[in-house]
Number of protein chains: 2
Amino acid sequence: MSRASEHAYAAIRAHVLSGTVAAGEQLTEDQLAQITGVSRTPVREAVRRLEDELLLVRSDTKRLFVADWSRDDIEEMFVLRQMLECHAAERAAKRLSREQIAALEVLNRDLTAAVEQSPPDVARFLEANRAFHEAIIDAAHSPRLGQLLARLVEAPVVLRTARIYSQSDLRQSARDHDELVAAFAARDGDWARAVMGSHLRRAFHTFARAVGPKTDEAANDQDSGEP
Amino acid sequence: MSRASEHAYAAIRAHVLSGTVAAGEQLTEDQLAQITGVSRTPVREAVRRLEDELLLVRSDTKRLFVADWSRDDIEEMFVLRQMLECHAAERAAKRLSREQIAALEVLNRDLTAAVEQSPPDVARFLEANRAFHEAIIDAAHSPRLGQLLARLVEAPVVLRTARIYSQSDLRQSARDHDELVAAFAARDGDWARAVMGSHLRRAFHTFARAVGPKTDEAANDQDSGEP
DNA sequence: CGAGCGCGATTTGTATACAATAACCACGCA
DNA sequence: TGCGTGGTTATTGTATACAAATCGCGCTCG
């Protein structure tokens with residue numbers, strides 16, 4: 001994507017994730033154009049992408065709002081991500097070269113180092129974690145799978161990127177990654193799939209804990225405002 | 001989507017699917033604007049959607065081409081679709097109301113009637129088939145799942161919508177749907193998943209047969225033109 | 001003869017003006 | 001008071017002009 005458009009995308013995304021606008025709040029293209037310093041044309045392109053990633057949503061009359069993720073939304077997202085990423089892990093187990101497996105080890109050493117600092121360096125953890133998962137998805141060698149996962153993975157990492165993680169959460173993640181590397185080294189697709197499954201399901205519960213208790217209600221209407 | 005934009009989307013899609021432009025051929029936004037009778041702005045929006053659906057692709061330098069689906073692309077797509085749609089069938093089995101199950105029966109009666117004509121009415125079959133699968137996905141009640149599947153399902157149905165199907169293929173599809181309805185009526189998610197799995201895997205082979213033999217080669221470069 | 005280079009033509013990207021549509025508010029009427 | 005209804009403002013959608021990037025081709029120079 002091109003300069004202005006890409007910039008608008010990053011800026012709007014950062015703006016939304018910074019939390020300076022509340023979930024459910026309306027945004028206008030003009031506003032975003034001013035914030036990003038480009039015209040509405042590239043803003044509209046950026047907004048389309050962010051809609052795709054479900055960070056923004058439109059009302060039935062095309063007005064734009066910051067998306068409001070319920071616990072059920074997050075669970076749904078993690079279920080899909082688990083399904084797809086387990087598949088990716090299984091394929092990756094058959095396809096990763098020795099060099100790629102070594103590279104995963106290096107990535108996870110960095111991740112572990114970030115975790116064992118005190119206090120843990122969460123930003124560095126997140127970046128290493130992202131790179132680790134991305135490497136596996138790339139190795140699965142299924143471009144459409146990668147494309148589908150891109151939408152799912154990006155969204156929630158985002159969701160208030162901060163004090164969700166306890167150090168024990170982070171340590172468990174690092175251990176999961178170690179076990180994944182072991183499964184890859186053994187070329188055991190079933191093992192890799194199983195580890196990835198528990199890894200992501202635990203991640204879901206970490207998020208769910210942060211976002212609040214189970215709702216059992218749908219109640220995720222963005223549009224109708226009646227109480 | 002808005003009037004011009006929606007029209008451009010439909011027109012470009014039809015244009016590509018009609019086969020009047022060859023796979024791999026370049027398109028320009030101006031061309032498409034002329035064809036569709038709207039300006040480049042809505043054309044660009046439509047093109048974005050079609051890129052998303054993988055009907056169009058961009059070279060590394062942003063030039064636009066008609067996508068060229070290899071057999072491996074089709075297989076990848078069906079594998080993903082199977083994974084997601086089996087999940088949808090399993091969820092649907094737990095959620096479909098008696099009325100919705102009855103509606104599926106009606107849809108499949110229409111599909112069967114289309115199949116049993118001579119010659120079979122393929123267009124009517126395709127439409128009933130689409131509606132049947134869509135109803136299941138809706139009943140799964142997972143909006144993101146629906147969104148992901150939309151991209152996967154649309155693309156290949158498209159791919160030269162015609163003389164791929166023998167009457168026996170069509171009849172088997174109708175029988176699969178009947179069995180799905182039975183699984184739903186029994187509220188048996190495992191059964192539904194299994195039937196959906198074989199249904200889609202068979203569909204893949206029908207497509208694969210039409211598009212040619214297994215390649216074992218990657219060779220799906222859109223950009224580099226050296227022979 | 002071939003590899004790099006420059007320049008006109010083509011194509012995509014961005015800004016801006018204007019058109020269409022939807023929300024808002026105030027007013028009048030039952 | 002409650003509810004339509006008209007006009008006014010805010011917001012999104014489209015067209016168009018222009019800017020930036022890219023391509024293709026012929027040319028020069030080694």
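Helices (H or I, at least four residues) and strands (E, at least two) are DSSP runs, numbered from the N terminus. A residue is near a molecule or strand if one of its heavy atoms lies within 4 Å of it. This is a predicted model, in which local features need pLDDT of at least 70, side-chain atom pairs count only at pLDDT 80 or more, and totals for chains, interfaces and linings use all residues. Residues are numbered from 1 along each chain as its sequence is written, chains are lettered from A and ligands numbered from 1 in the order in which they are written, and side-chain values use heavy atoms, with hydrogens and water left out.

**Figure 1. Chain A as a whole.** Chain A has 9 helices and 3 strands. Along the sequence they run α-β-α-α-β-β-α-α-α-α-α-α. Of the 227 residues in chain A, 48% are buried. Buried means under 20% relative accessible area, exposed over 50%, and partly exposed in between (1.4 Å probe, protein chains only). Take the contacts in chain A between residues at least 6 apart in sequence: 76% of them join residues at least 24 apart. Contact here means heavy atoms within 4.5 Å.

**Figure 2. The protein around DNA strand C.** DNA strand C is surrounded by 18 residues. The closest are Ser39(A), Thr41(A), Thr61(A), Arg40(B) and Arg44(B). Of the strand C atoms within 4 Å of the protein, 69% belong to sugar and phosphate. Three polar contacts are shown, each a pair of N or O atoms within 3.5 Å; within protein, one atom must be able to donate a hydrogen and the other to accept it, and residues adjacent in sequence count only if both atoms are side-chain atoms. A polar side-chain atom of Thr41(A) sits 2.8 Å from a base nitrogen of DNA strand C. For Thr61(A), a polar side-chain atom is 2.4 Å from a phosphate oxygen of this strand. Arg63(B) has a side-chain N or O atom 3.3 Å from a sugar or linking oxygen of DNA strand C. Two or more residues of the surface near strand C come from each of α1 (3-17) and α3 of chain A and α3 of chain B. α1(A) gives the most, with 3 residues. By class, the surface near DNA strand C has 5 nonpolar, 6 polar and 7 charged residues. Ala, Val, Leu, Ile, Met, Phe, Trp, Tyr, Cys and Pro count as nonpolar, Asp, Glu, Lys and Arg as charged, and the others, Gly among them, as polar.

**Figure 3. The protein around DNA strand D.** Around DNA strand D there are 18 residues, and the closest are Arg40(A), Arg44(A), Ser39(B), Thr41(B) and Thr61(B). Sugar or phosphate supplies 67% of the strand D atoms within 4 Å of the protein, and bases supply the rest. A backbone N or O atom of Glu29(A) is 3.0 Å from a phosphate oxygen of DNA strand D. A polar backbone atom of Ser39(B) lies 2.7 Å from a phosphate oxygen of this strand. The side chain of Ser2(B) places an N or O atom 3.3 Å from a sugar or linking oxygen of DNA strand D. The largest share of the surface near DNA strand D, 3 residues, comes from α1(B).

**Figure 4. The two sides of helix α5 in chain B.** Helix α5(B) spans residues 98-116 and has 19 residues. From first C-alpha to last it reaches 27 Å, close to the 27 Å expected at 1.5 Å a residue. That expected span is 1.5 Å times one less than the number of residues. Its buried residues are Ile101(B), Leu104(B), Asn108(B), Leu111(B), Ala114(B) and Val115(B). These residues lie on the same side of α5(B) because they cover an arc of only 125 degrees around the axis. The arc is that of the directions from the helix axis to the C-beta atoms. They pack against α6 (122-140) and α8 (167-185) of chain B. On the other side of α5(B), Arg98(B), Glu99(B) and Arg109(B) are exposed.

**Figure 5. Backbone exceptions in the loops.** Most residues other than glycine have a negative phi, and most peptide bonds are trans. Leu54(A) is not a glycine, yet its phi is positive, about 65 degrees. Leu54(A) lies in the loop between α3 and β2 (56-58) of chain A. Leu54(A) counts as buried because its relative accessible area is 18%. In chain B, Leu54(B) has a positive phi of about 70 degrees. A cis peptide bond joins Ser118(A) to Pro119(A), with omega about 0 degrees. Pro119(A) is in the loop between α5 (98-116) and α6 (122-140) of chain A. The bond from Ser118(B) to Pro119(B) is cis too, with omega near 0 degrees.
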